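Here's a quick briefing to read with the structure open beside you. It goes through the core, two of the helices and a pocket.

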Amino acid sequence: MRGLSIGQVAERTGLSVHALRFYEREGLLADPVRRESNGRRVYTEDDVDWLDMCIKFRSSGMPLDTIRKYTELVRQGPGNEQDRLALLRSHQDHVTSQIQDLTECLNVISHKVGVYEEHLEAGTADCLWVGPSQSSSSEAS
């Protein structure tokens, strides 16, 4: 089975070559990256799958130290599944909280969009933002 070059993995994951080297250097890959006799890195499909998971972890705000800890637990093999689960549950709680906060933000934005649409359609948009020096109250601003 022929492996994947660092360029191919970069293209498939959306990570830069520099980022891939960083992930390797920081111990964020589950398995050591194999090298050809000329020193070039050779990745596997498992490496790509692992990187995709790490990208999701990072995109959801998981700190590198937490990803590193999870990776170390996986490398240790069977016997620490409760620790892995606790780490993942903690991050799941964090992401759930983020989603709730973002949902509240989206509700405010959606309300404002509705206000602007209504006023634009009614031809009364000129009253939407009246600065403090122009008026002491403005319901829609």
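What follows is a short tour, grouped by topic. Keep in mind that this is a predicted model. The main themes are a nonpolar core of 23 residues, the helix that gives the largest share of that core, and a pocket of about 190 Å³.

**The nonpolar core**

- The largest nonpolar core holds 23 residues, and Val9, Leu20, Tyr43 and Leu51 have the most contacts inside it.
- Helix 1, helix 2 (17–25), helix 3 and helix 4 each give two or more residues to this core.
- Helix 3 makes the largest share, with six residues.
- Take Leu51 as an example: once you set aside neighbours within four places in sequence, Leu51 is in contact with Val9, Thr13, Leu15, Leu20, Tyr23 and Leu29.

**Helix 3**

- With 15 residues at 1.5 Å each, helix 3 should span 21 Å, and its end C-alpha atoms are indeed 21 Å apart, so the two agree.
- Its buried residues are Asp47, Val48, Trp50, Leu51, Cys54, Ile55 and Phe57.
- The cover over those buried residues includes helix 1, helix 2, strand 2, helix 4 and helix 5.
- Why does Ile55 count as buried? Its relative accessibility is 18%, and the cut-off for buried is under 20%.
- Leaving out residues up to four places away in sequence, Ile55 touches Thr13 and Leu15.

**Helix 4**

- Helix 4 (residues 64–76) has 13 residues, so at 1.5 Å a residue it should span 18 Å; the end C-alpha atoms are 18 Å apart, which agrees.
- Ile67, Arg68, Tyr70, Thr71 and Leu73 are the buried residues here.
- Helix 3 (45–59) and helix 5 (81–122) are among the elements covering them.
- For a sense of spacing, Ile55 and Ile67 are twelve residues apart in sequence and 10.0 Å apart in space, C-alpha to C-alpha.
- Right after helix 4 comes Gly77, with a positive phi near 85°.

**The largest pocket**

- The largest pocket has a volume of about 190 Å³.
- Its lining is made up of Arg2, Gly3, Leu4, Ser5, Ile6, Gln8, Arg34, Glu36, Arg40, Arg41 and Val42.
- What kinds of residue make up the lining? Five are charged, three are polar and three are nonpolar.
- Helix 1 (6–13) and strand 2 (41–42) each supply at least two of the lining residues.

Definitions and conventions
Residues are numbered from 1 along each chain as its sequence is written. This is a predicted model: local features need pLDDT of at least 70, side-chain atom pairs count only at pLDDT 80 or more; totals for chains, interfaces and linings use all residues. Side-chain values use heavy atoms; hydrogens and water are left out. Helices (H or I, at least four residues) and strands (E, at least two) are DSSP runs, numbered from the N terminus. The expected span of a helix is 1.5 Å times one less than its number of residues. Buried means under 20% relative accessible area, exposed over 50%, partly exposed in between (1.4 Å probe, protein chains only). Contact means heavy atoms within 4.5 Å. On a 1 Å grid over the protein atoms alone, a cavity is a set of points where a 1.4 Å probe fits but cannot get out, and a pocket is an open set with protein on both sides within 12 Å along at least five of seven lines; lining residues have an atom within 4 Å of a point. Grid points are joined across faces, edges and corners, and a volume is the space filled by probe spheres set on the points. Ala, Val, Leu, Ile, Met, Phe, Trp, Tyr, Cys and Pro count as nonpolar, Asp, Glu, Lys and Arg as charged, and the others, Gly among them, as polar. A nonpolar core is a set of buried Ala, Val, Leu, Ile, Met, Phe, Trp, Tyr and Cys residues joined through side-chain atoms within 4.5 Å.
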